Amino acid sequence: MLWTELLCAERLRDPSYIEGRNRSIFVQDHDRIVFSAPFRRLANKTQVHPLYENDHIHHRLIHSVEVGSVGRSLAMHIGQWLIEQGEIAPHEDHSLANVVQAACAAHDIGNPPFGHSGEDSIGTWFAERFDAGRGLCGALDPVLRPEFTAFEGNAQGFRIVSRLEMYRNAGGMRLSKAVLGAFMKYPTTAATRADLPEAVRKGYVGLKKFGVFAGEEPLFAEVAQGCGLPMEQSAAGRWWRRHPLVFVVEAADDICYNIVDLEDAFTSGDLPFDVVRDALTELAGRPNRDTTGYTRGEEIALLRALAIGRAIEACVAAFRANYAAIMDGSFSGALVEVSECGTSFAQIGTLAQERIFTSGRKTELEISGRQVIRNVLDGVLPVFEALAAAGWDETALKGHPAQIARALSLDLRAIEGPEAALHGLADFVSGMTDRYALSISRMLSGT
């Protein structure tokens with residue numbers, strides 16, 4: 001792969017656009033993302049703790065901003081090294097930083113309410129409907145079912161930025177191909193991934209999940225071609241090797257959620273001070289700082305900052321060490337895992353699995369969240385079933401389905417078949433905030 005192609009400034013579905021003199025197209029991409037409604041809704045979407053009451057607990061929007069900050073720092077350090085190596089031109093370190101920051105801002109934009117439990121709830125609901133085999137779910141091509149039964153926020157995110165938001169069905173936000181490439185963690189469709197041998201899927205990190213719905217696959221193909229991403233062909237379809245900056249975006253996300261989850265666990269009372277302090281002290285390289293006079297919260301905040309700084313240095317070193325494999329598309333790890341901080345991150349991950357993600361309050365709220373999502377899907381599906389019965393003419397909707405469509409301001413444009421209808425349903429539900437989902441669930445169930 002070549003950086004002259006990887007930093008492709010051509011906009012998706014807007015190839016004639018010319019960058020302004022005073023504002024990089026990659027900066028414009030970042031601005032388009034942060035001023036969008038889907039980004040704004042992240043302020044009321046779960047990061048770890050559903051329906052949080054403590055204002056100091058992270059939500060998806062704050063997390064995305066912090067990931068962008070860390071990603072920018074990573075990319076600047078890497079960019080400066082690439083300039084020294086003669087890999088990119090002087091000042092292109094700023095292009096790398098701007099691309100990564102924009103991709104980081106968008107990285108969670110497709111996540112549904114209630115976090116990963118929300119993804120599971122949507123997938124389980126669709127699986128049950130496909131098993132029943134009635135209505136729209138019975139009419140959907142079985143090849144497409146995994147797009148719904150394994151509902152994936154990453155694929156939903158690409159759908160939002162490339163199709164739904166701004167220029168609907170005409171390139172979406174029309175972001176640069178470089179930013180869209182850096183965004184795409186899993187450059188394959190569900191059907192293509194499922195058709196690959198297990199050894200192939202397990203042998204490449206970009207095939208861990210799917211990241212593109214079939215309907216948006218041609219759009220990503222344009223991105224991949226513009227960025228010069230290596231393409232692989234299978235009997236079921238094509239897939240691509242990751243853009244090198246995906247590893248930087250992923251590292252920024254890994255650094256932030258691992259470290260900040262610990263800080264939040266202290267704030268929420270899920271983990272005691274000494275456990276969080278010791279874990280962060282280890283990750284920060286056991287710094288010798290005098291914290292006399294600090295409150296416990298201030299000491300944790302200091303250790304968090306020091307841990308992030310050391311993790312950035314470690315991931316930059318890991319990028320350098322694995323540069324050749326990253327650029328030929330064969331690298332199949334995570335920078336945090338192969339860095340000198342890998343053992344500390346693994347210990348934090350185990351701690352989170354055993355003591356944060358299983359906390360009583362979080363578990364109770366996830367159970368409630370699952371039921372909320374089921375209530376909404378049960379309540380809204382009849383609108384799309386009625387639309388199908390009306391020959392996909394939304395003006396022909398009558399009675400209760402028409403009332404629901406009006407009350408929820410459902411977007412029924414360009415829905416003309418089962419695939420589009422079920423994606424429209426998923427678009428609505430995944431786009432909800434935690435609190436809006438709870439409110440609509442109560443309205444639809446009459447409680």
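**Figure 1. Ile 300, a buried residue in helix H16 of this predicted model**. Let us start with Ile 300, whose relative accessible area is 1%, so Ile 300 counts as buried. The residue sits in helix H16, which runs over residues 296-321. What does Ile 300 touch once residues up to four places away in sequence are set aside? The partners are Glu 263, Phe 266, Phe 273, Val 276, Arg 277 and Leu 280. For a sense of scale, try Gly 417 as a second landmark: 117 residues separate Ile 300 from Gly 417 in sequence, and their C-alpha atoms are 53 Å apart in space.

**Figure 2. The whole protein chain, as a setting for the close-ups**. The secondary structure of the protein chain amounts to 23 helices and two strands. How does the radius of gyration fit a compact globule? For 447 residues such a globule would have a radius near 22 Å, and the chain agrees because its own value is 22 Å. Along its principal axes, the C-alpha trace spans about 70 × 50 × 45 Å. Of the 447 residues, 54% count as buried. Sequence-distant pairs figure among the contacts too: of those between residues at least 6 apart in sequence, 72% join residues at least 24 apart. The accessible surface is about 18700 Å², and carbon and sulfur atoms account for 48% of that area. As for charge, the chain carries 44 positive and 57 negative side chains, with the centres of the two sets 4 Å apart.

**Figure 3. Asp 29, a buried acidic side chain without a salt bridge**. You will find Asp 29 in helix H2, residues 25-34. Which side chain of opposite charge is nearest to this buried residue? That side chain belongs to Arg 11, which is 4.4 Å away. A salt bridge here requires a nitrogen and a carboxyl oxygen within 4 Å, and Asp 29 has none. Arg 11 nevertheless appears among the contacts of Asp 29, together with Ala 102, Arg 174, Leu 175, Ser 176 and Val 179, when neighbours within four places in sequence are left aside.

**Figure 4. Arg 129 and Asp 378, a salt bridge between two helices**. The whole structure holds 23 salt bridges, and one of them joins the side chains of Arg 129 and Asp 378, with N to O at 2.5 Å. Arg 129 belongs to helix H6 (residues 115-132) and Asp 378 to helix H20 (residues 360-389), so this pair ties together parts that lie 249 residues apart in sequence. With 36% relative accessibility, Asp 378 is partly exposed.

**Figure 5. Lys 209 and Glu 152, a salt bridge between two loops**. The closest N and O atoms of this pair are 4.0 Å apart. Where do the two partners lie? Lys 209 is in the loop between helix H12 (198-203) and helix H13 (217-227), while Glu 152 is in the loop between helix H8 (146-149) and helix H9 (153-164). The pair therefore ties together parts that are 57 residues apart in sequence. Are these two residues buried or partly exposed? Lys 209 is partly exposed at 29% relative accessibility, whereas Glu 152 is buried at 5%.

**Figure 6. Asp 411 and Arg 413, then a network of salt bridges**. The side chains of Asp 411 and Arg 413 meet in a salt bridge, 2.6 Å from N to O. Both residues are partly exposed: Asp 411 at 31% relative accessibility and Arg 413 at 47%. Elsewhere, shared salt-bridge partners join Glu 128, Arg 129, Arg 374 and Asp 378 into one network.

**Figure 7. Arg 13 and Met 166, two loop residues with positive phi**. Neither residue is a glycine. Arg 13 has a phi of about 60 degrees and lies in the loop between helix H1 (3-6) and H2. At 40% relative accessibility, Arg 13 counts as partly exposed. For Met 166, phi is about 75 degrees, and the residue is found in the loop between H9 and helix H10 (177-183). Met 166 is partly exposed as well, with a relative accessible area of 43%.

Methods:
Residues numbered from 1 in each chain as written. Predicted model: local features only at pLDDT ≥ 70, side-chain atom pairs only at ≥ 80, totals over all residues. Heavy atoms only, no water. Helix = DSSP H or I, 4+ residues; strand = E, 2+ residues; numbered from the N terminus. Buried < 20%, exposed > 50% of the residue type's maximum accessible area, 1.4 Å probe, protein only. Lys, Arg positive; Asp, Glu negative; His and termini not counted. Contact = heavy atoms within 4.5 Å. Rg over C-alpha atoms; globule rule 2.2 N^0.38 Å. Areas by Shrake-Rupley, 256 points an atom, 1.4 Å probe, with all protein chains shown as cover. Charge placed at Lys NZ, Arg CZ, Asp CG, Glu CD.
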